[in-house]
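Please open the model in your viewer and keep the selection tool at hand. The tour goes from one residue to its helix and then to a neighbouring helix.

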Amino acid sequence: MSSQRSGRAATASPCRVTVCRGCCCGDASKIPGVDHAGQIPRLRAALDGAAPVRASECLDVCDQANVVVVQPSAAGRAAGGRPVWLGLVNDDDALADIAAWIRAGGPGLAEPPGVLDLYAIKVSRRVREGLES
């Protein structure tokens with residue numbers, strides 16, 4: 001019975017994706033040559049319902065625009081997964097790698113493609129807690 005319950009919890013609480021769309025992220029004058037308006041719909045399509053994607057106001061790591069945060073599913077968090085912050089996500093290949101990782105389980109359940117190590121960023125506790133609250 002507990003495995004059924006944990007399966008429902010994982011389905012009920014999938015990974016969540018937050019895409020910064022504040023002062024610098026999503027701004028063609030700051031980051032030219034990127035289809036900012038199409039980035040979120042393309043990520044949603046690549047995820048094919050595996051995780052909700054939301055836009056956020058400024059996440060306060062402007063030097064890393066465009067920023068994407070992947071929060072683990074309930075099962076991923078139970079397995080030790082923590083939110084992963086990715087910066088400089090400015091091309092469709094990065095979006096595809098992020099989506100593939102999330103579809104495979106995301107933080108705590110699946111290893112990210114190695115190339116995502118290049119996008120991983122560290123943020124201050126103040127910034128992290130601002131997103132999680």
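What follows is a short series of selections, each with a note on what is there.

The model is predicted, so local features are taken only at pLDDT of at least 70 and side-chain atom pairs only at pLDDT 80 or more, while totals for chains, interfaces and linings use all residues. Residues are numbered from 1 along each chain as its sequence is written, and side-chain values use heavy atoms, with hydrogens and water left out.

Select His36 to begin: His36 belongs to helix α2, residues 36-47, where helices are DSSP runs of H or I with at least four residues, and strands are runs of E with at least two, numbered from the N terminus. His36 counts as buried because its relative accessibility is 7%, buried meaning under 20% relative accessible area with a 1.4 Å probe, protein chains only.

Now add Asn66, whose side chain makes a polar contact of 3.2 Å with that of His36; such a contact is a pair of N or O atoms within 3.5 Å, and within protein one must be able to donate a hydrogen and the other to accept it, with residues adjacent in sequence counting only if both atoms are side-chain atoms.

Next, colour the buried residues of α2, among them Ile40, Leu43 and Leu47, and show β1 (16-20), β2 (53-56) and α4 (92-103), against which the buried residues of α2 pack, contact meaning heavy atoms within 4.5 Å.

Finally, move to Asp48, just after α2, which takes a positive phi of about 50°.

Methods. Buried means under 20% relative accessible area, exposed over 50%, partly exposed in between (1.4 Å probe, protein chains only).
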